[in-house]
Structures are given as C-alpha cells and as structure tokens.
Amino acid sequence: MPNKEYLYYLIKLGKLYYVNESCRNVKRKEISSYEFTNDELASFLFDTQSIAKQTADECGGYIVIRNATFEDYIREGERWSKYIDYKEKHVWKLYNVK
C-alpha cells in the first residue's frame, strides 16, 4: 500500500497557505487567529475535505486538492510539525472577532 495515492487538502489565501488556528475568548467575544505562510511545504494537511472547506470558509480562503503516496503524506506532515515547533519567519496572522 505504500505506493497508493491519497488525497489531501490545503487551504490557500492568495499566495499564502494555512498553517494553524487558535481560538480564545476575550471579554465575551471569541477571537480566532489563523496563521499563514508563503511556503506550501509547511502548510497544514487536511485529510477530510469537509473540515478543510469549513476552515477555509471561516478564514476566507479556498481549498486546494493534492495527492501523494502515504510515505510522502507522512513526510509532509512531519515538515508541518517541525515548522510549528520552530515557527520559521514569514508567518502572517489573520484575526476574526465574533
């Protein structure tokens, strides 16, 4: 099965790729923070289209469909994890206050 191809989804906003989201409540308002990068290799991989679509709708982006072998998918997920651990430069944040 290592050569079987799997679909996964990225969120894109202009030339930027979705990396992470965090939510918190401040004075009875929910504030969502969305992080983006210009490096596709550091973007978050969604394995479920409906969740990717919902997140894209929330942050104003759109989904991009990619496919990879299972090993490539795991490698790309590891790159994202390292990116989150070290927070490389070129990260943009978008805030949504409700």
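Tyr18 is buried, and Phe46 is buried as well. These two residues offer a starting point for describing this predicted model, whose aromatic contacts, nonpolar cores and salt bridges are treated in turn.

**Aromatic contacts**

The structure contains 5 aromatic pairs. In one of them, Tyr18 and Phe46 are tilted with respect to each other, with 5.6 Å from centre to centre and 40° between the planes. Tyr18 belongs to strand S2 and Phe46 to the loop between S3 and H1, so this pair ties together parts that are 28 residues apart in sequence. Phe46 also pairs with Phe44: the ring centres are 4.7 Å apart and the planes stand at 80°, so the arrangement is edge-to-face. The two partners differ in burial class, since Phe46 has a relative accessibility of 7% and counts as buried, whereas Phe44 is partly exposed with a relative accessible area of 25%. Tyr18, Phe36, Phe44 and Phe46 together make up one aromatic cluster.

**Nonpolar cores**

Tyr18, Phe36 and Phe46 are also among the members of the largest nonpolar core, which has 10 residues; the others are Tyr9, Ile11, Leu16, Tyr34, Ala52, Ala56 and Cys59. At least two residues of this core are supplied by each of strand S1 (5-13), strand S2 (16-26), strand S3 (29-37) and helix H1 (49-59). H1 provides the largest share, 3 residues. Another core lies apart from this one; it has 7 residues, including Leu10, Tyr17, Leu45 and Tyr73. In soluble globular proteins, nonpolar side chains tend to be buried together.

Among the core residues, Ala52 touches Tyr9, Ile11, Phe46 and Ile63, when residues up to four places away in sequence are not counted.

**Thr55 in helix H1**

Which residues does Thr55 contact, leaving aside its neighbours within four places in sequence? They are Ile11, Tyr18, Glu21 and Phe46. Thr55 lies in helix H1 and is buried, with a relative accessible area of 8%. Thr55 and Glu21 are 34 residues apart in sequence, and their C-alpha atoms are 9.1 Å apart in space. Within the helix region, the side chain of Thr55 reaches the backbone oxygen of Ile51 at 3.0 Å.

**Salt bridges**

The structure holds 3 salt bridges, listed below with the N to O distance of each.

| Salt bridge | N to O distance |
|---|---|
| Glu40 and Arg66 | 2.8 Å |
| Lys53 and Asp57 | 2.8 Å |
| Arg75 and Asp72 | 2.7 Å |

Glu40 lies in the loop between S3 and H1 and Arg66 in strand S4 (residues 62-69), so their salt bridge ties together parts that are 26 residues apart in sequence. Glu40 is partly exposed at 28% relative accessibility, and Arg66 is partly exposed with a relative accessible area of 27%.

The pair of Lys53 and Asp57 sits within helix H1, where the two residues are 4 residues apart and therefore separated by about one helical turn. Lys53 has a relative accessible area of 42% and is partly exposed; Asp57, at 48%, is partly exposed.

Arg75 and Asp72 are 3 residues apart in helix H2 (residues 70-86), so about one helical turn separates them. Arg75 is partly exposed, with a relative accessible area of 41%, and Asp72 is partly exposed at 27%.

Methods:
Residues numbered from 1 in each chain as written. Predicted model: local features only at pLDDT ≥ 70, side-chain atom pairs only at ≥ 80, totals over all residues. Heavy atoms only, no water. Core = buried A, V, L, I, M, F, W, Y, C linked by side-chain atoms within 4.5 Å. Buried < 20%, exposed > 50% of the residue type's maximum accessible area, 1.4 Å probe, protein only. Contact = heavy atoms within 4.5 Å. Phe/Tyr/Trp six-rings, centres within 6.5 Å; stacked < 30°, edge-to-face > 60°. Polar contact = N/O pair within 3.5 Å; in protein donor to acceptor, adjacent residues only side chain to side chain. Salt bridge = Lys/Arg side-chain N within 4 Å of Asp/Glu carboxyl O.
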